[in-house]
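Grab a pencil and work through these exercises with the structure open beside you. Each task comes with a solution that goes step by step.

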Amino acid sequence: MALPDAGVAIIGAGPAGIAAALALLKQGIAVTLLDDGPPPAPRIESLAANGIDLALACGFAPALDHAGLGHAAIMHLYWREQPETKHFGTDGPLLLDRARFHAALRRLLPPAVMHRARVTGIEARSSHEGD
């Protein structure tokens, strides 16, 4: 598969890959984003209140608006030896529909940036090869 020349190739179109692509595009750097993964499984994820500012700084506001389900007032956690219940005041985590969030993130990028491709290896080359 022939891909366009890009200043930067990013492998993976999850939140980190999308954030990197958006930041590079904002700087005028050509980006190719490669991802062959299926859409994420439907489930609810939480974004801690202190992570919302970072998500907004990354340009994710439209995706948060599209996939946000409201803030949690209480959560039952089962990830430690003893289950725990956590009560939040007004600063509970934002609950997100994971599949909708990832789809909305991808829509933040120009379509020409995204490429469905499986990366099976990376080869180092000198920037002087072929000169």
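**Exercise 1: a charged pair**

Glu-84 has a relative accessible area of 28%, so it counts as partly exposed (buried means under 20%, exposed over 50%, partly exposed in between, with a 1.4 Å probe and protein chains only). Before going on, note that this is a predicted model: local features need pLDDT of at least 70, side-chain atom pairs count only at pLDDT 80 or more, and totals for chains, interfaces and linings use all residues. Residues are numbered from 1 along each chain as its sequence is written, and side-chain values use heavy atoms, with hydrogens and water left out.

Task: find which side chain Glu-84 meets in a salt bridge.

Solution. Look for a side-chain nitrogen of Lys or Arg within 4 Å of a carboxyl oxygen of Asp or Glu, which is what a salt bridge means here. Arg-80 fits, at 3.1 Å from N to O. Now check its cover: Arg-80 is partly exposed too, at 48% relative accessibility.

**Exercise 2: the other salt bridges**

Task: how many salt bridges does the rule give, and which distant parts of the chain does the pair of Asp-36 and Arg-118 link?

Solution. Start with the count, which is five. Next, take Asp-36 and Arg-118, whose side chains meet at 2.9 Å, N to O. Asp-36 sits in the loop between β2 and β3 (44-47), while Arg-118 is in the segment after β8, 82 residues apart. (Helices, H or I with at least four residues, and strands, E with at least two, are DSSP runs numbered from the N terminus.) Asp-36 is partly exposed at 26%, whereas Arg-118 is exposed at 65%.

Then move to Glu-45 and Arg-98, with their closest N and O atoms 2.8 Å apart. This pair joins strand β3 to helix α4, across 53 residues. Glu-45 is partly exposed, with a relative accessible area of 23%. Finally, add Arg-43: together with Glu-45 and Arg-98 it belongs to a network of salt bridges.

**Exercise 3: the sheet**

Task: work out the order of the strands in the open sheet of three strands.

Solution. Begin with β1 (residues 8-11), which runs parallel to β2 and is joined to it by four bridges; strands pair if DSSP finds at least two bridges between them. One match to look for is Ala-9 with Thr-32. Next comes β8, parallel to β2 through two bridges, with Leu-33 opposite Met-114. That gives the order β1-β2-β8. β1 and β8 are the edge strands, each pairing on one side only.

Now zoom in on β2 (residues 31-34). Side chains in a regular strand alternate between the two faces of the sheet. Here Val-31 and Leu-33 point one way and Thr-32 and Leu-34 the other, and all are buried.

**Exercise 4: two rings**

Task: how are the rings of Phe-60 and Phe-101 arranged?

Solution. A search of the whole structure turns up one aromatic pair. Its ring centres, in Phe-60 and Phe-101, are 6.2 Å apart and the planes meet at 80 degrees, so the pair is edge-to-face. (Rings of Phe, Tyr and Trp, using its six-membered ring, pair if their centres lie within 6.5 Å; planes under 30 degrees apart are stacked, over 60 edge-to-face and the rest tilted.) Phe-60 lies in the loop between α2 (49-57) and α3 (61-67), and Phe-101 in helix α4 (residues 98-106), 41 residues apart. Last step, the cover: both Phe-60 and Phe-101 are buried.
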